[in-house]
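Got a model open and wondering where the labels come from? Let's go through a few of them, one at a time.

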Amino acid sequence: MVADAELGWALPAGSTMSWRGTPARINHLGLLGPEPAQQSSLTRVLVVGDSSVFGDGVSDTDTMARQLSRALPSSYTVQNGGVPGYTCLQTRTLLERIQKHFVPD
């Protein structure tokens, strides 16, 4: 994690971190997983929450968000907005911060 004046802490955007011994790729938005697809025709889904959504104890490919992505048609793109320990207020602040780059449907 990295210090964040507004949120308290955040995932280190644009890097790979180790979370409980498992590599976690953080995209440029500070969300776990791959970079968001840029096609405007896609339906954008953002899964938010705390460590359960982040995928505490599982690999990036086994998180709820990645499983949802595999289950939905290819016309959907799913991002993982889970951050361990975040409250609803922190999540709302994160959403406000990223909305100029990723606006979920």
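Q: What makes C88, L89 and R92 of α3 exposed rather than buried?
A: Exposed takes over 50% relative accessible area, buried under 20%, and partly exposed is in between (1.4 Å probe, protein chains only). C88, L89 and R92 fall in the exposed class, on the other side of α3 from its buried residues. This is a predicted model, where local features need pLDDT of at least 70, side-chain atom pairs count only at pLDDT 80 or more, and totals for chains, interfaces and linings use all residues. Residues are numbered from 1 along each chain as its sequence is written, and side-chain values use heavy atoms, with hydrogens and water left out.

Q: How do you know that the buried residues of α3 line one face of the helix?
A: The buried ones are Q90, T91, T93, L94 and I98. Looking down the axis of α3, they fall within an arc of 160 degrees (taken from the directions from the helix axis to the C-beta atoms), so they line one face.

Q: Why is N80 called buried?
A: N80 has 3% relative accessibility, so it counts as buried. N80 is part of strand β6.

Q: What makes the pairing of the N80 side chain with the backbone oxygen of V53 a polar contact?
A: A polar contact needs N or O atoms within 3.5 Å, one able to donate a hydrogen and the other to accept it; residues adjacent in sequence count only if both atoms are side-chain atoms. Here the V53 oxygen is 3.1 Å from a polar atom of the N80 side chain. The backbone nitrogen of G82 also qualifies, at 2.8 Å from a polar atom of that N80 side chain.

Methods
Helices (H or I, at least four residues) and strands (E, at least two) are DSSP runs, numbered from the N terminus.
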